[in-house]
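Have the viewer ready and your selection tool at hand. We will walk along two interfaces, one after the other.

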Number of protein chains: 4
Amino acid sequence: MLNVAIIGASGYAGADLSLIVAKHPNLQIGGLYVSEGSADAGKLLSSLYPRLHSYVDLPLQPLTAEALNDVKKCDIVCLATAHVVSMRLAPELVDAGCKVFDLSGAYRVNDPAFYPEYYGFEHENLKYLEQAVYGLAEWNAEEIKKTNLIAVAGCYPTASLSALKPLAVNNLIAEGSMPIINAVSGVTGSGRKASLTNSFCEVSLNAYGVFKHRHRPEISHHLGQKVLFQPHLGNFKRGILATIYVQLRDGVTDEMIEKAYKEKYAGQNIVRIVDHWPAVKDVEFTPFCDIHYQREGNTLVVCSAIDNLQKGAAAHTMQCINIRFGFEPTAGLL
Amino acid sequence: MLNVAIIGASGYAGADLSLIVAKHPNLQIGGLYVSEGSADAGKLLSSLYPRLHSYVDLPLQPLTAEALNDVKKCDIVCLATAHVVSMRLAPELVDAGCKVFDLSGAYRVNDPAFYPEYYGFEHENLKYLEQAVYGLAEWNAEEIKKTNLIAVAGCYPTASLSALKPLAVNNLIAEGSMPIINAVSGVTGSGRKASLTNSFCEVSLNAYGVFKHRHRPEISHHLGQKVLFQPHLGNFKRGILATIYVQLRDGVTDEMIEKAYKEKYAGQNIVRIVDHWPAVKDVEFTPFCDIHYQREGNTLVVCSAIDNLQKGAAAHTMQCINIRFGFEPTAGLL
Amino acid sequence: MLNVAIIGASGYAGADLSLIVAKHPNLQIGGLYVSEGSADAGKLLSSLYPRLHSYVDLPLQPLTAEALNDVKKCDIVCLATAHVVSMRLAPELVDAGCKVFDLSGAYRVNDPAFYPEYYGFEHENLKYLEQAVYGLAEWNAEEIKKTNLIAVAGCYPTASLSALKPLAVNNLIAEGSMPIINAVSGVTGSGRKASLTNSFCEVSLNAYGVFKHRHRPEISHHLGQKVLFQPHLGNFKRGILATIYVQLRDGVTDEMIEKAYKEKYAGQNIVRIVDHWPAVKDVEFTPFCDIHYQREGNTLVVCSAIDNLQKGAAAHTMQCINIRFGFEPTAGLL
Amino acid sequence: MLNVAIIGASGYAGADLSLIVAKHPNLQIGGLYVSEGSADAGKLLSSLYPRLHSYVDLPLQPLTAEALNDVKKCDIVCLATAHVVSMRLAPELVDAGCKVFDLSGAYRVNDPAFYPEYYGFEHENLKYLEQAVYGLAEWNAEEIKKTNLIAVAGCYPTASLSALKPLAVNNLIAEGSMPIINAVSGVTGSGRKASLTNSFCEVSLNAYGVFKHRHRPEISHHLGQKVLFQPHLGNFKRGILATIYVQLRDGVTDEMIEKAYKEKYAGQNIVRIVDHWPAVKDVEFTPFCDIHYQREGNTLVVCSAIDNLQKGAAAHTMQCINIRFGFEPTAGLL
């Protein structure tokens, strides 16, 4: 059994990840940590999340200097921490011999210019940024196997790239066109902290972050072409539905599209090409990404649905861990 | 006081309309009707909608031949009926001297070919189809004043056209491009009848009607250009949020866009250009259509939000009635 | 037109009240105020509540010493403020000649011992506490007409007392028994401020405040007998449903119960004895209180439903204003 | 591996049960069945429930005479069928050597008079009714081990009895008093079939079935004393929250209450005595029953929360199967 330390375990993604680790046949929780000053330090994780009772009855430990030494003894460290915290912690942990899986945005784009523009800070660890592999499980398995620092893909990018990459790598998208990603996320996407924005009485359905959301350049970078990404906040807890509009190259046939998706995902367990328009409820509390598409002339509409905390965070992390260590691809997940 | 008969008063739009008529200073309800065989015949409308108690405590009468004679004596008849029923009733009522406001799709597109393709029937009253005026209140007031048959705009088309027409009539949309309308509707949009699709446990968030929804050609027809319209069902009762992606013509300046919207809607009470991304909750239970837009290069993102039963049906009908009879534009609405 | 100042207008009850005043034929808004240091000071109320656009486009003014002088010139002052703030402001405003309607708990119970125990402070204005009249519109109209300080009933107490008082005043409740009030409130009941409790992702359905909720002694005091009150937080925005279990005195007949309710509420517009079990949706966005009951032997189950921001706060305040000034009982409300 | 046939697998409880069986280490699905004329016959279960894709990709077979022969060869048959169907099928299957777990109400009360009064039919198989054991896992394990016909407890009764039985068996409830059970259920409780009652737009929060709900006598029968049971429909999909009011016998101490709960449930995995008021979200998609209580004088308030499809149906069935076959108590569940 390998030991997994989860730092930032009190958040929604950290809690989901704790449960997945607890159920995994080859892993056990080495420790759950929160920041040193957190009001949750010392509490049981299951006191914050009663649904985890009996599964994960472990305390949230403050990440003191001493605790960090314990963390370094773990085989695997998952960082469900703020971007800057991840940026600083990851190198130290990699150097200590841990395999690090970072759920933040700190190592997702191998371009230093990206960070000041979209995250508001200069990246301090460019050497590690260079080594980091983008954790998009179905696409980067070979590289994931070889690195010690995996930057797990963001929630919106996972939904978007899973749907768009088969088209892009097969060169089916019209040159010069810009796919439009209209996505709606559940409120857990904005994290577990009180704010008027995610107050029950204020949530409805509305666009936000027009043109400027951090996930837009993340998607573009890993797709290899520009996209227009428009996020919305929806009145549900978990899930992302991305409805994507693509201009196809002239001459693209139905068969070419089908082949692009089928070749990539046939036999895959987590990304599923389904025969109906996916709904958020289809993937809620599951690791799946459901994709369906339809075409009219050179316009293709593709929908993909994920649970933003599962395939959009915790389950995707576990896919990367399974790949890195050669475990069953769906261990802990199905 | 003019008398208003509402046929199909038991549905969601009919109920909202009954309440608006009851509050209107110049109107009174002349009768509420349901189809002859309806299980609701004889019941009080307020027994179906307890929130209407004290406002509208009138029975739902079966539309017998005799009842139809009473209807014909009313000044105004609102048809919240099935498309075929409206198609057949409207001419008879117009001939009887009534002003007819049809909330169905039977008279919205002055092109006979539209009906077999999208509604599955041949239009039987082409002469009346020709006279009918499309009830898009902010745009067709002069024609509405002169006709006796108003085909009130559909819910999705109202949200879409209110946002797009200022661009189209000012020739700001890139030639050959096709605006993309990504819209999410609340469940009342699918009517008050039991079905698995609108069962509480089945509703989530998903696309439907890709490429083929009836409102797509309705929007294209009244916009004067093709659009891509993608509806979704969302997990809320009332409201539509349309997020619209427009390719602008080269040379379009910010001022041109602002002028297009401001000139049309400045001083308007119902369509409001707001300074934030509108949310469904902002317009729920109100007659408003809230619009906001932002641009990046030649791409414009426009959002519009309406209550699908108000500006998308009942309140829009009342705007048309107010225009037709020269009442205060917002009488019964604010 | 009388002038109404609303202090604490940025909260949910204050916003609803602003809209009601704006629609009232005899009233106009004299000013909207927030506390001096509020982050909302200077903003338009409609920027916080876009649904109020066109209805109430007035700024939220900070309640400086100077502003307080303006408030004192208003005929009516509504306090939608914290308990301690109300306790201190009300006397000064009454002395300035204003009619004061307090939506807080500061003057609801004419027993000084109540405040330290349930609100954590000593009441500083006992003379005014003595004069204050409990604003339960259907029950205290005669006293409301004569006072200048009305303590509008709380939300849970309004739902509970409207259902229980007809039984109590007719002596139908078994001596020594304690009615049990099981109530579920929408999340607006906990106010417009960010907290983990009312975060979208945390709200579900659960009991809270067992035995100790402040509204329990408020109900008991105004009912004239002890009750057991058990509040719950439910996953909806507006509304309260109270399901009440009453042990009847031996010898109570069906006729006695019917008479108790009918005599009180027949011909009333706001409290409605309905022929079905009321649902929260029946009263949402309305001023109504819907009541239904059924009996088995000596056990009576009574349900009452209100919108906690309307009959539970803003609409109830307006009923009291209408009574105090001799306006139409439902002016501004229907 | 034992074979499990699930009849009525297309319903909400059947679908949850299919997933649990599929994950169980000692069981496999022997067949999924629907009634012969069902519109779902021939479809994959996962086409009705896309979240089951990859887990349960089996067809729903029509229960023809021939299919029934296949069913009889299974070790275990679960009946998620209508009451009358279960009443007729169970004996035949027991006689064929199957262990039968009935999720309907057909064998829950060993009193023939109960059926005509509450279910509207005469029980046709009194001999089997006599042998049937009530499947309340934590209470009837010894009897469950010995029978071939288990009538799994209903959803509301499971929530109610889990909370009340420790008090009753320890004689802590005041003689002559009647515990009051105020319960709110999610909409899946009313089944997967279209009706206006469970239409998305009609669901809110309201009482129903006052005094007359079938689960009231089921609870009373298995508690050994009368109760008042008041169900409500709430606006959520899964879950039941029961808030229970109990009059304690004079002389009952805090220790006696604590002992009653602790002795029964200490070390139990499924029923959890928790240190906070349970919320529906705490148990959603879990097999747990969370219980918390507090006392004031001789009044005890107890809350219990379950997922109505899990501990209220499918997970509870699996607990009974695990008991009957000597599997790990939580196999397939945690």
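How many residue pairs are in polar contact across the interface of chain D and chain A? In this predicted model, the rule finds eight such pairs, with both residues at pLDDT 80 or more. Salt bridges are another matter: the count between chain D and chain A is zero.

Stay here and select the residues in contact: 18 from chain D and 19 from chain A. Together these two chains bury about 1,500 Å², with 61% coming from carbon and sulfur atoms. Now highlight D:P50, D:R51 and D:Y55, which supply 28% of the area that chain D buries against chain A, more than any other three residues. If you colour the chain D side by class, you will find eight nonpolar, five polar and five charged residues.

Next, move to chain B and chain A. Here 33 residues of chain B touch 33 residues of chain A, and the buried area is about 2,800 Å², 62% of it on carbon and sulfur atoms. Pick out B:L205, B:F211 and B:Y245: no other three residues give more of the area chain B buries against chain A, and their share is 21%.

Now look for charges. The rule finds four salt bridges across this interface of chain B and chain A; one of them joins the side chains of B:E202 and A:K281, at 3.0 Å from N to O. Polar contacts between chain B and chain A number 15 residue pairs, both residues at pLDDT 80 or more.

Finally, switch to a cartoon view. Elements supplying at least two residues each to the chain B side include β10 (228-233), α11 (280-283) and β13 (289-296). The largest share, four residues, comes from β8(B). By class, that side has 19 nonpolar, nine polar and five charged residues.

Key. Residues are numbered from 1 along each chain as its sequence is written. Chains are lettered from A and ligands numbered from 1 in the order in which they are written. This is a predicted model: local features need pLDDT of at least 70, side-chain atom pairs count only at pLDDT 80 or more; totals for chains, interfaces and linings use all residues. Side-chain values use heavy atoms; hydrogens and water are left out. Contact means heavy atoms within 4.5 Å. Buried area is the accessible area (1.4 Å probe) that two parts lose on being put together, summed over both. A polar contact is a pair of N or O atoms within 3.5 Å; within protein, one must be able to donate a hydrogen and the other to accept it, and residues adjacent in sequence count only if both atoms are side-chain atoms. Ala, Val, Leu, Ile, Met, Phe, Trp, Tyr, Cys and Pro count as nonpolar, Asp, Glu, Lys and Arg as charged, and the others, Gly among them, as polar.
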